[in-house]
Amino acid sequence: MPELLEELFSYSFVNRAIIVGIFVSLCASFLGLPLVLRRYSMIGDGLSHVGFGTLAIAIPLGVSPLKVSIPLVMLAAFLLLRIRESSKMRGDAAIAIISCSSLAIGVIVMSVFSGMNTDIYNYMFGSILAIKQEEVYLCVAISVVIFALFVFFYNKLFFVIFDESYARASGTSIEFYNMLLALLTAVIIVIGMRIMGAMLISSLIIFPALTSMRLLKTFKSVIICSCILSVVCFMLGIVVSFACNFPTGPSIVMANLCAFLIFSLISLTSSS
Amino acid sequence: MQKILSCSQICVKYESTFALSNCSFELDAGNFLGVFGPNGSGKSTLLKSIAGIIKPSQGSVNFYGIKKNEIGYMAQQTAVHRDFPASVYEIVISGTLCRHKYFYFYNKNDKKLADKNLELLGIEQLKHKSFQELSAGQKQRALLARMLCAEAKMLLLDEPTNGLDIETANQLYSILKYINSQGITVIIVSHDISGVAKFCDRTLHLGEYNAGIA
């Protein structure tokens, strides 16, 4: 085991992936609880498909994928919320349409320009090889901004999510906080997508929160536990994926699933 | 007495049917108003219009000498809170945020106020308990304490005694009466006419088509 870890950390691409992964996992786990409690879990999933579509377009154009994807996915998040609030179309229907369409566009563009190849596979299911040094700086900077915003709005987010009608009655703009959550989710999804893959990135957001909620019953404790869980599961996933030559994203999801099952089991046995 | 609220000719339409039509009344600061009426008469709709949660299709709601952040609203008990991880303290102190404009961290005053209101409502021993594990009556008290932390001057309560036994309901009414005696205006929507009526100084009966104030 020690040799394995030593070998793992001797590759610079692994180190880059681990740095980005830890920051992204932390931010994703902050956002997870508000999203789960607001019943927004599926928005993450929908946006990740949009992210895939934008990546597919960025690559043949030869531009840095993050710089194209972040604004476009944020735009999609903005539109999704607008549709949810204003039109008669149900929010989940809008998500389904947008996510399928962007996935389709992405796959077509990719197959036209580069053929169905390992690139597509990597973007779908994640790879730790993909991250460049420049992207590490960008990811860390973005994560720090998200963390700062989260800390600043932490109490207010709790206030709004816990009782939307009370918040509205006392003059708080619910729309602002919905938008904030959706935009931050969009950013996290794009920067996490390289490691986790478009299909699996939303698991990084919702799993730690859901797992923590099995056992813990106060807001603060759930947030703290999600942070710890997300980093632990991420590291476990990376090590397993390296040792067994599994794809990275799925290995991290499996680690999260194991944690979820263990927490559920403990919660079941302690309640009975 | 000083006027605090006037509703004139409020109509609320859902799709093509009127949930509430032509409801007009005025209220003075410090009043305790009970709103009664059969199911579907628009009691909750009226309360939501006053709270600003829904916008009336006609008519207007005007407040006098009270700011938006001084209004406390308590919705009917819903399933939304069933799996919400939150301690009583986290909920109660969050009420103080109504008074914070740009800065959302709790200061010493907020913490004091939260402790004071927990004590006032007799739930200080539940401070660190999870909200989902409370009984219905304890939940209502926690939500009331939150409104007091907001230093609300008007409380809008939608069926607060639903699901409570008579004794717990009466305790809640006495608490509300005490809060009211501190000068806070209370509007309560209820089915429980016999329980509420003796605490109210004014009542509003909503019928199918018209509304009048007694």
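Colleague: Before turning to the cysteines, how is a disulfide to be defined here, and how many does the structure hold over all chains?

Modeller: A disulfide is a pair of cysteine sulfur atoms within 2.5 Å. In chemical terms, a disulfide is a covalent bond between the sulfur atoms of two cysteines. The model before us is predicted, and over all chains it holds zero disulfides.

Colleague: How far is the sulfur of Cys139(A) from the closest cysteine sulfur?

Modeller: The closest cysteine sulfur belongs to Cys27(A), and it lies 10 Å from that of Cys139(A), so the separation is too far for a bond. Cys139(A) is also buried, at 3% relative accessibility.

Colleague: And in chain B, which residue holds the closest cysteine sulfur to that of Cys200(B)?

Modeller: That residue is Cys23(B); its sulfur is 16 Å from the sulfur of Cys200(B), again too far for a bond. The relative accessible area of Cys200(B) is 13%, and Cys200(B) is therefore buried.

Colleague: Let us move to helix packing. At what angle do the axes of helix 1 and helix 11 of chain A cross?

Modeller: An angle from 65 to 115 degrees counts as roughly perpendicular. Helix 1 of chain A spans residues 2-10 and helix 11 of chain A spans residues 219-244; their axes come within 11 Å and cross at roughly 95°. The two helices are therefore roughly perpendicular to each other.

Colleague: Which residues make this contact?

Modeller: Helix 1 of chain A contributes Leu4(A), Leu5(A), Glu7(A), Leu8(A) and Phe9(A), while helix 11 of chain A contributes Met235(A), Ile238(A), Val239(A), Phe242(A) and Ala243(A). By class, the residues of this contact are nine nonpolar, no polar and one charged.

Colleague: Is Ser241(A), in helix 11 of chain A, buried or exposed?

Modeller: Ser241(A) is buried, with a relative accessibility of 5%. Leaving aside residues up to four places away in sequence, Ser241(A) touches Phe246(A), Pro247(A), Thr248(A) and Ser251(A).

Colleague: What follows helix 11 of chain A, and where does Asn245(A) lie?

Modeller: Asn245(A) lies in the loop between helix 11 and helix 12 of chain A, the latter covering residues 248-271. Asn245(A) has a relative accessible area of 70% and is therefore exposed. Its C-alpha atom is separated by 33 Å from that of Ala96(A), a residue 149 residues apart from Asn245(A) along the chain.

Colleague: How should one describe the interface between the two chains, and how much area do chain B and chain A bury between them?

Modeller: The size of an interface is often given as the accessible area lost when the parts come together. Here chain B and chain A bury about 2700 Å² between them, with 65% of that area on carbon and sulfur atoms. In terms of residues, 33 of chain B are in contact with 28 of chain A.

Colleague: Which three residues supply more than any other three of the area that chain B buries against chain A?

Modeller: They are Phe84(B), Pro85(B) and Tyr104(B), which together supply 25% of that area.

Colleague: Where is Ala150(B) placed, and what does it touch?

Modeller: Ala150(B) is in the loop between helix 4 (136-149) and strand 6 (154-158) of chain B. With residues up to four places away in sequence not counted, Ala150(B) touches Tyr166(A) as well as Asn69(B), Gly95(B), Thr96(B), Cys98(B) and Arg99(B). Ala150(B) counts as buried, at 2% relative accessibility. Ser94(B) is 56 residues from Ala150(B) in sequence, and their C-alpha atoms are 8.3 Å apart in space.

Colleague: Turning to backbone torsions, what is the phi of Arg39(A)?

Modeller: Arg39(A) is not a glycine, yet its phi is positive, at about 60°. Arg39(A) is in the loop between helix 2 (12-37) and helix 3 (41-61) of chain A, and is exposed, with a relative accessible area of 51%.

Colleague: What is the corresponding value for Gln9(B), and where does Gln9(B) lie?

Modeller: Gln9(B), likewise a residue other than glycine, has a positive phi near 55°. Gln9(B) lies in strand 1 of chain B, residues 3-14, and is partly exposed, with a relative accessible area of 47%.

Colleague: Is Ile10(B), in strand 1 of chain B, buried or exposed?

Modeller: Ile10(B) is buried, with a relative accessible area of 0%. Not counting residues up to four places away in sequence, Ile10(B) touches several residues, among them Leu20(B), Cys23(B), Leu46(B), Pro56(B) and Val61(B).

Note on methods: Residues are numbered from 1 along each chain as its sequence is written. Chains are lettered from A and ligands numbered from 1 in the order in which they are written. This is a predicted model: local features need pLDDT of at least 70, side-chain atom pairs count only at pLDDT 80 or more; totals for chains, interfaces and linings use all residues. Side-chain values use heavy atoms; hydrogens and water are left out. Buried means under 20% relative accessible area, exposed over 50%, partly exposed in between (1.4 Å probe, protein chains only). Axes are lines fitted to C-alpha atoms, for helices over the stretch in contact, and angles run from 0 to 180 degrees between N-to-C directions. Helices (H or I, at least four residues) and strands (E, at least two) are DSSP runs, numbered from the N terminus. Angles under 35 degrees count as roughly parallel, over 145 as roughly antiparallel, 65 to 115 as roughly perpendicular and the rest as oblique. Contact means heavy atoms within 4.5 Å. Ala, Val, Leu, Ile, Met, Phe, Trp, Tyr, Cys and Pro count as nonpolar, Asp, Glu, Lys and Arg as charged, and the others, Gly among them, as polar. Buried area is the accessible area (1.4 Å probe) that two parts lose on being put together, summed over both.
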